[in-house]
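Visitor: I have a model open in my viewer, and I would like to understand why its parts get the labels they do. Could you walk me through it?

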Amino acid sequence: MFQYITDCKELGCTQLDPWNGHLVPIIQETEQIRASATPLQTSFSAEGLAYVDRVRAAADAAGLPFGNLAIDGAHMWEPTLEERQKNRASGTRWLEVAKRLGATSVRMDAGGKEEMTDDMFEIIVADFKTVVKQARALGINVVMENHWGASHVPKNVVRILDAVPGLGLLFDSNNWADGTQEEGWKLCAARANEVHIKTFNFDAQGNDPTVDLPRVIAMLVKAGYKGCWGIESVPKDGDEIAAARKTMQLIERSVAAA
């Protein structure tokens, strides 16, 4: 986590949008709590929260505010009430972390399956409504991402967003079910509150030949997107920092041309 802060500072980033997996001691404590006799406890230990405070201090020293905290392990749908309750308790714990970090939003997933049944939809909507209300009381926004499960499908994303007042969208340029990327771009670009631009390879012109990022960036700009451009650097050659720099340049060129 501390290296992530340093890397973002050196790259010239304007905010921090970490994944909760960066906070390794808290992830370890999450696993311990879920396996314990008290999996529904709603706060991390004093030691865990002290670690979070050290992370916040390091970010403050770097002059970088926290934007979105992407939270895995707190998704809405699970087939049993017991597992859903564990996820809601986990979400409550992570909201406390987000508050201490000063994050403006958190990402939690819908869960479920690409073929979203009415039962899944009702549970996803009900739990998102609970989380949105809980987060709002802390001054934090909640966004879902087209990430996996039900939210992999553009029509499911729109249906859930329409059913949950106050729920936003973290728009990922690539995370769409097979054959639905174009539909996802067209249906959801105008719904984006936050963005992940994902890159895999670069050609001699500095573009990723696997996806038409200038086009989707132009779609986002024309739809009125004015938020931070988050970078998810997953290059196949493994050089994440070099790819992040190239992605920053690609975004800047594309926004200027839009």
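Visitor: What covers the buried residues of α5?

Guide: First a word of care: this is a predicted model. The cover over the buried residues of α5 includes α4 (81–101), β3 (141–145), α6 (154–163) and β4 (167–172). The buried residues themselves are M120, F121, I123, I124, V125, D127, F128, V131, V132 and A135.

Visitor: How do you know that the reach of α5 is close to what is expected?

Guide: Helix α5 spans residues 118–136, which is 19 residues. The expected span is 1.5 Å times one less than the number of residues. For α5 that gives an expected 27 Å, and the helix reaches 27 Å from its first C-alpha to its last.

Visitor: What makes β4 count as largely enclosed?

Guide: Buried means under 20% relative accessible area. Six of the six residues of β4 are buried, so the rest of the structure largely encloses this strand. Both faces are covered: L167, L169 and F171 are buried on one side, and G168, L170 and D172 on the other.

Visitor: How do you know that β3 and β4 are paired?

Guide: Two strands pair if there are at least two bridges between them. Four bridges join β3 to β4, and the two strands run parallel, so the condition is met. As an example, V143 has G168 in β4 as its bridge partner. Between these strands the chain passes through α6, in a β-α-β crossover that is right-handed.

Visitor: Why is that crossover called right-handed?

Guide: Picture the strands pointing away from you: a crossover is right-handed if the path from the first strand over the helix to the second runs clockwise. The route from β3 through α6 to β4 is assigned to that class. As for its placement, α6 lies across β3 and β4 and runs at about 155° to β4.

Visitor: Which strand pairs with β4 over four bridges in the parallel sense, besides β3?

Guide: That is strand β5 (residues 192–199). L169 has A192 as its bridge partner in β5, and the chain gets from β4 to β5 through helix α7 (residues 181–188) in a right-handed β-α-β crossover. Another bridge joins D172 to H196 in β5.

Visitor: What makes β5 largely enclosed too?

Guide: Seven of the eight residues of β5 are buried, so this strand is largely enclosed by the rest of the structure. β5 also pairs in the parallel sense with strand β6 (residues 229–233), over five bridges. H196 has G230 as its bridge partner in β6, while T199 stands opposite S233. β5, helix α8 (residues 213–222) and β6 make a right-handed β-α-β unit.

Visitor: Which strands are the edge strands, and what makes them edges?

Guide: The open sheet has six strands in the order β1-β2-β3-β4-β5-β6, with parallel pairing. β1 (68–70) and β6 are the edge strands, as each pairs on one side only. From one strand to the next the twist averages 30°. Helix α9 (residues 240–257) packs on this sheet, touching β5 and β6, and its direction makes about 145° with that of β6.

Visitor: Why is V106 counted as buried?

Guide: The cut-off is under 20% relative accessible area. V106 has 0% relative accessibility, so it counts as buried. V106 sits in strand β2 (residues 105–107). Beyond its neighbours within four places in sequence, V106 is in contact with N68, L69, I71, L95, A98, I140, N141, V142 and V143.

Visitor: And why is N156 counted as buried?

Guide: Its relative accessibility is 10%, and the cut-off is under 20%, so N156 is buried. N156 belongs to helix α6. Leaving aside neighbours within four places in sequence, N156 is in contact with K113, E114, M116 and A150.

Visitor: At what angle do α3 and α4 pack, and how far apart are their axes?

Guide: Helix α3 (residues 46–62) and α4 pack at about 35°, with axes 9 Å apart. α3 passes α4 in a right-handed crossing. On the α3 side the contact involves L49, V52, D53, V55 and R56, which meet E96, V97, K99, R100 and L101 in α4.

Methods
Residues are numbered from 1 along each chain as its sequence is written. This is a predicted model: local features need pLDDT of at least 70, side-chain atom pairs count only at pLDDT 80 or more; totals for chains, interfaces and linings use all residues. Side-chain values use heavy atoms; hydrogens and water are left out. Buried means under 20% relative accessible area, exposed over 50%, partly exposed in between (1.4 Å probe, protein chains only). Contact means heavy atoms within 4.5 Å. Axes are lines fitted to C-alpha atoms, for helices over the stretch in contact, and angles run from 0 to 180 degrees between N-to-C directions. A crossing is left-handed if the near helix is turned anticlockwise from the far one by less than a right angle, and right-handed if clockwise.
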